[in-house]
Amino acid sequence: MAGPNTTVPLLDVNRDNKPHRDEFVEALAAVVDSGRFLFGPDVKELETEIAQYSQVEHAVGCASGSDALLLALMALDIKAGDEVIVPSFTFFASVSCITRLGATPVFVDICPDTFNIDPQCVAEAITENTKAIIPVHLFGQCAQIDRICQIASEHDIPVIEDAAQAIGAAYHSRPAGSWGLAGCFSFYPTKNLGAMGDAGMLTSGDAVMADRLRLLAGHGMRPRYYHQAVGINSRIDTFQAAVLRVKLRHLGDAITSRSKIASRYMQLLGDGGLVGPDQIVLPTVDPNAFHVWNQFGIRIGGGRRDALRAYLAERGVGSEIYYPVPMHKQQCFEYLNVDGSTLPETERASAEILNLPIFPSLTEAEQQQVVDCIGGYYQAGAKAAA
Ligand SMILES: *Cc1c(COP(=O)(O)O)cnc(C)c1O
């Protein structure tokens, strides 16, 4: 068991990267020597590899997951007066891509078990102004994307998957990012496939869509210095592509490690008698989903989430709240005047969620320490109550 004075980080990127250091240095040195810092061969190779990995025809690199989402909506010509259905329980970028284009986000509630967008709520939110649906595959688990695509196709509405946290995930064995008209991936360092800086990618099975995305990511310029559309400048630099190609080779192993860690948490928390409606509610895995565990999110009942988090922090155990303030309650979206009572599960999730350390190189001893510390909190509470 780990000593009482050691700390457990929420995430240790250095430790995860260390075993591959030589591979990174070799790949990065090749880029230095090539002088092709943008548009180098690694960028094309990475696009091909991600397309294969996600089982789609096309992949288009861009500067970030946020840009991927923005580019997808730009390609759909989303504009003022249009509505886009999106969960409120997500990261900001799922929503800012909509409002940046002057369109209106229509927030829908989540399923309480998976934290993912509720297909029934999606169906009910559709109007004649709905121009896109953005399901988010939160924490590494796909939303019920089959049902969402079915509902969308009945109304002829495109689906843009926010797969930023879900590279390698699947639903009914079909990869995240291959279901919608486009899939949006982020390679932010904390994601399952993390770069050493910012990077992102779009996937699409539709050649026209992919071509439009590539055009818009390059200033709408084609041919050189002739602009067909007002695009943006958004690309992966060759250094990031080189790093990501190294990491992609190890992604399968990283996902296996994450799954083992998740199972062990379930086991340890259950064995510790810590699971129950007033204590901890474990994450639910949808039987149709292949979960890649970007996050291990538990619910803390009884209004004790913040106290438990403080207790863990005092003892050097990292945790995080994804997400403490749902999008409909953000100051910048106040003007939308969303009635929070229409999103009860979203509000409950933000009050109860707690994300525990999960990263491939997290040790069993560290996990034990996290669970022991949680157990210590509940024991202290029981003593105080007695
Ligand atoms: C990380 C993330 C993004 C944005 O990705 P960046 O690469 O940081 O721009 C978008 N949506 C979700 C759900 C994310 O987790």
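This briefing describes a ligand site, three groups of paired strands and one helix in a predicted model. Lys-191, which lies in the loop between strand 8 (182-186) and strand 9 (200-204), is one of the residues closest to the ligand, and an unreviewed UniProt entry annotates Lys-191 as "active site". Strand 9, at one end of that loop, pairs in the antiparallel sense with strand 8 and runs antiparallel to strand 1 as well.

**Lys-191 and its surroundings**

- The unreviewed UniProt entry places the feature "modified residue: N6-(pyridoxal phosphate)lysine" at Lys-191, and the annotation "active site" in an unreviewed entry covers Lys-191 too.
- Lys-191 counts as buried because its relative accessibility is 17%, and buried means under 20%.
- When neighbours within four places in sequence are left aside, the residues in contact with Lys-191 are Ala-164, Gln-165, Ser-186 and Asn-294.

**The ligand**

- The ligand is surrounded by 16 residues, of which Gly-65, Ser-66, Gln-165, Ser-186 and Lys-191 are the closest; among these, Gln-165 and Ser-186 are also in contact with Lys-191.
- The backbone contributes through Gly-65, where a polar backbone atom is 2.8 Å from an oxygen atom of the ligand.
- Two side chains also face ligand oxygen atoms: an N or O atom in the side chain of Ser-66 is 2.5 Å from an oxygen atom of the ligand, while for an N or O atom in the side chain of Lys-191 the distance to an oxygen atom of the ligand is 3.0 Å.

**Strands 1, 8 and 9**

- Strand 9 is largely enclosed by the rest of the structure, because 5 of its 5 residues are buried.
- Gly-200, Leu-202 and Ser-204 point one way from strand 9, whereas Met-201 and Thr-203 point the other way, and all of them are buried.
- Strand 8 and strand 9 are joined in the antiparallel sense over 4 bridges, and within this pairing Cys-184 has Leu-202 of strand 9 as its bridge partner.
- Strand 1 (residues 58-62) is joined to strand 9 by 5 bridges, the two running antiparallel, with Met-201 in strand 9 as the bridge partner of Gly-61.
- Strand 1 is itself mostly covered, since 4 of its 5 residues are buried.

**Open sheet 7-6-11**

- Strands 7, 6 and 11 form, in that order, an open sheet of 3 strands with antiparallel pairing.
- Strand 7 (174-175) and strand 11 (289-290) stand at the edges with a single partner strand each, so one side of each has no neighbour in the sheet.
- Strand 6 (residues 170-171) pairs with strand 11 in the antiparallel sense over 2 bridges, and Tyr-171 stands opposite Ala-289 in strand 11.

**Open sheet 10-12-13**

- Another open sheet of 3 strands has the order 10-12-13, and its pairing is antiparallel.
- The edge strands of this sheet are strand 10 (280-281) and strand 13, each of which pairs on one side only.
- Between strand 12 and strand 13 there are 4 bridges in the antiparallel sense, and Phe-296 stands opposite Leu-356 in strand 13.

**Helix 11 and what covers it**

- Arg-305, Leu-308, Tyr-311 and Leu-312 are buried in helix 11 (residues 305-314), and these residues lie on the same side of helix 11 because they cover an arc of only 130° around the axis.
- Ala-313 and Glu-314, by contrast, are exposed on the other side of helix 11.
- The cover over the buried residues of helix 11 includes strand 12 (296-300) and strand 13 (353-356), together with helix 12 (344-352) and helix 13 (364-385); strand 12 and strand 13 also pair with one another in the antiparallel sense.
- Helix 11 is followed by Gly-316, for which phi is positive, near 80°.

Conventions. Residues numbered from 1 in each chain as written. Predicted model: local features only at pLDDT ≥ 70, side-chain atom pairs only at ≥ 80, totals over all residues. Heavy atoms only, no water. UniProt positions renumbered as here; feature names shortened; annotations may be inferred. Buried < 20%, exposed > 50% of the residue type's maximum accessible area, 1.4 Å probe, protein only. Contact = heavy atoms within 4.5 Å. Arc of directions from axis to C-beta. Pairing = 2+ DSSP bridges. Near = heavy atom within 4 Å. Polar contact = N/O pair within 3.5 Å; in protein donor to acceptor, adjacent residues only side chain to side chain.
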